[in-house]
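Subject: Structure handover, cavities and salt bridges

Hello,

Here is the structure I promised to pass on. Please have a look, then read my notes below.

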Amino acid sequence: MRASDMGALAGRRIVLGVTGGIAAYKAVEIARRLKKAGADVRVVMTRAAASFVTPLTFREITGRPVAETMWGEPHHHVEHIALAEFAELVLVAPATANFIAKAAAGIADDMLTTSVLATRASLLIAPAMNTGMWENPVTQENVARLTARGVTVIPPAAGQLACGTTGAGRLPEPVEIVRVVEEYFSRTQSLVGRRILVTAAGTEEALDPVRYLGNRSTGRMGFAVAAEAVRRGAEVILVAGPTPLTTPAGVRRVDVRSARDMHAAVLAEYDAVDAVIKAAAVADYRPAEIAAHKIKKSDGELTITLTRNPDILYELGQKKQHQILVGFAAETQNVAEYARGKLAKKNLDFIVANNVAEKDAGFGVPTNHVQIFYADGRAEDHPLMAKSELAGVILDRLEETFQKRG
């Protein structure tokens, strides 16, 4: 069969990392399906993974040597570097909580983690673990750190786990994981030649030299969108409010603090971009006066007079020429009504709306449940998903909008 007849995976170079969980047996089927689809698959196993599945099994399926240790007889000169340079994509499935923690911290203490740290290829991970381990705040923080760097996370499925409990933590079925890999390669470079501006995180409005008015936005959604856009080949400018998140590789970042700072930064880039995805949570108001010194505590009440900040998205809508404008609406009630009103008032192409009062949606969490409303009246309801996955949905809709404009 010719490579051109085999689809998106024909000839693709994939490093499959297998870590030490009971779900490692599913990685055998993942390797088989990738190989059958025409991919060149190299497997890297942790020592714990080899306790569940033998390296010989993967070697027979892929037709390639299996990398297990930094200290054995190498198959290539400086093997972890050879694997890192070989890969177009590194897929870790299953990804244990231990691997996720090490990857988030940049720890490189075995063949898999050193290869991951050395590669410039995209990283896609499929977590699998006990529900308690998956829902532990430390794991969620590590996942968020990876997502902000551009790592794609396939959310674990819910169901019966090996430990006998039921909940989220199951490795998705191999056919689903391979489908995600196929989608990754089919989307790669789909935005080449496009320049996209993304805003992220909240803004801070100073009260005095010590205090400020702010909000709970962490920037995770905007950073995930920026990472996905650059992965698809776009030139990306990320205008970010205060956040500890790491800049995704390949993204040009402009740091700002206040709404007026963001207004100036966005307007400076606007004429030269093809699209703006306005994911930042910008303060609507700021103190009318900023105290020169720290405001001291007194026995009485403190009154602060607020004044309006510039409405960045409204102004972009008024100036819009060729640009596609995408807004966000974080609401706590009447989500559809408020989102549709904002869509029309600000001359947007579509708007992503969510109820931040919902569990596991909105600020400070790695997942979101959104509705998307379009200028032509259409609406979509998307289930709870990882923000990295939602970033893909948003970019898919942006690409569709580009195509309709011709």
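First, a term: helices (H or I, at least four residues) and strands (E, at least two) are DSSP runs, numbered from the N terminus.

Now the ground rules. This is a predicted model, where local features need pLDDT of at least 70, side-chain atom pairs count only at pLDDT 80 or more, and totals for chains, interfaces and linings use all residues. Residues are numbered from 1 along each chain as its sequence is written, and side-chain values use heavy atoms, with hydrogens and water left out.

Cavities

The structure holds two cavities of 30 Å³ or more. A cavity is a set of points, on a 1 Å grid over the protein atoms alone, where a 1.4 Å probe fits but cannot get out; lining residues have an atom within 4 Å of a point. Grid points are joined across faces, edges and corners, and a volume is the space filled by probe spheres set on the points.

The largest cavity has a volume of about 60 Å³. Its lining consists of Thr-147, Gly-150, Val-151, Thr-152, Ala-224, Ala-227, Glu-228, Ser-388 and Ala-391. Helix H9 (220–231) and helix H13 (387–405) each supply at least two of these residues. H9 gives the most, with three. Domain 1 (13–188) and domain 2 (195–405) each contribute at least three residues to the lining. Those domain bounds come from an automatic or database domain assignment.

By class, this lining has four nonpolar residues, four polar and one charged. Ala, Val, Leu, Ile, Met, Phe, Trp, Tyr, Cys and Pro count as nonpolar; Asp, Glu, Lys and Arg as charged; the others, Gly among them, as polar.

The second largest cavity holds about 40 Å³ of space. Leu-124, Thr-152, Val-180, Tyr-184, Arg-187 and Arg-231 line it. Helix H8 (residues 174–187) gives the largest share of that lining, three residues. Here the classes are three nonpolar, one polar and two charged. Thr-152 appears in the linings of the largest cavity and the second largest.

Salt bridges

There are 29 salt bridges in the structure. The term means a side-chain nitrogen of Lys or Arg within 4 Å of a carboxyl oxygen of Asp or Glu. I also sort residues by accessibility: buried is under 20% relative accessible area, exposed is over 50%, and partly exposed is in between (1.4 Å probe, protein chains only).

Start with Arg-397. Its side chain meets that of Glu-380 in a salt bridge (3.1 Å, N to O). This pair links distant parts of the chain: Arg-397 is in helix H13, Glu-380 in strand E19 (residues 379–386), and they are 17 residues apart. Both Arg-397 and Glu-380 are buried.

Arg-397 also bridges to Glu-400 (3.6 Å, N to O). Those two both lie in H13, three residues apart, about one turn of the helix. Arg-397 counts as buried because its relative accessible area is 16%. Glu-400 has 32%, so Glu-400 is partly exposed.

Elsewhere, Arg-170 and Glu-173 form a salt bridge (3.4 Å, N to O). Arg-170 is partly exposed, at 28% relative accessibility. Glu-173 is partly exposed too, at 39%.

There is also a network: salt bridges link Glu-228, Arg-231, Arg-232, Asp-396 and Glu-399. Of these, Glu-228 is in the lining of the largest cavity, and Arg-231 is in that of the second largest.

Best wishes

Notes. On a 1 Å grid over the protein atoms alone, a cavity is a set of points where a 1.4 Å probe fits but cannot get out, and a pocket is an open set with protein on both sides within 12 Å along at least five of seven lines; lining residues have an atom within 4 Å of a point.
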